[in-house]
Amino acid sequence: TEGAAGGTSTLSTAPIATTLGLRDSDAITVFVRNKGSGQVAIDRVQVFGADYLWDASTAATTALPAPQKFAISVTGLPLTILTTSPVIGPGQDATIIIRYEQDTNGPVKVGRPIPITIVTGSGATFTKQVQNGVTVG
């Protein structure tokens, strides 16, 4: 650009906030399928070892669950139909939704794995690595 004195080029830049990773209050969604012949109750979901418990008070809207809580949708996103209990029926597909909390879980850069463990009411555990910034399926 031409400067005020005429003929002098000046370049003006404004700082830009860039986050290359998971941000506080971002949604983490985990697709699950009950391949068994009986119902499965989810007791808790662990992210980086921090427990997230069932949130029966999450309204069926686009709002995310409260901090340290999880919700389950049987229709995927948006969160228009949530289950009324943390139970997934036989052969049923579901999406587990949690609100990421940077203060609890720390910063996560794009491409880094996020360890997620699902603990059932019977004590069975299922652990998977979810990769930040990657949508599979």
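**A cavity and its lining in a predicted model**

Strand 7 (93–99) and strand 9 (113–120) each supply at least two residues of the lining of the largest cavity, in a model that is predicted.

Student: How many cavities of 30 Å³ or more does the structure hold, and how much space lies in the largest cavity?
Tutor: In this predicted model, the structure holds 1 cavity of 30 Å³ or more. The space in the largest cavity comes to about 30 Å³.

Student: Which residues line the largest cavity?
Tutor: Two strands, strand 7 (93–99) and strand 9 (113–120), each give at least two residues to that lining. The full set of lining residues is Val 30, Val 45, Ile 96, Ile 98, Ile 116 and Ile 118.

Student: How do the residues of that lining divide into nonpolar, polar and charged?
Tutor: Valines and isoleucines such as Val 30 and Ile 96 line the largest cavity, and Val and Ile count as nonpolar. The lining therefore divides into 6 nonpolar, no polar and no charged residues.

Student: What pattern does the protein chain follow when it is read along the sequence?
Tutor: The protein chain has 1 helix and 10 strands. Read along the sequence, these elements follow the pattern β-β-β-β-β-β-β-α-β-β-β.

Student: What percentage of the 137 residues in the protein chain is buried?
Tutor: A residue counts as buried when its relative accessible area is under 20%. By that cut-off, the buried part of the 137 residues in the protein chain is 33%.

How values were computed. Residues numbered from 1 in each chain as written. Predicted model: local features only at pLDDT ≥ 70, side-chain atom pairs only at ≥ 80, totals over all residues. Heavy atoms only, no water. 1 Å grid on protein atoms, 1.4 Å probe; cavity = no way out; pocket = protein on both sides within 12 Å on 5 of 7 lines; lining within 4 Å. Points joined across faces, edges and corners; volume = space filled by probe spheres on them. Helix = DSSP H or I, 4+ residues; strand = E, 2+ residues; numbered from the N terminus. Buried < 20%, exposed > 50% of the residue type's maximum accessible area, 1.4 Å probe, protein only.
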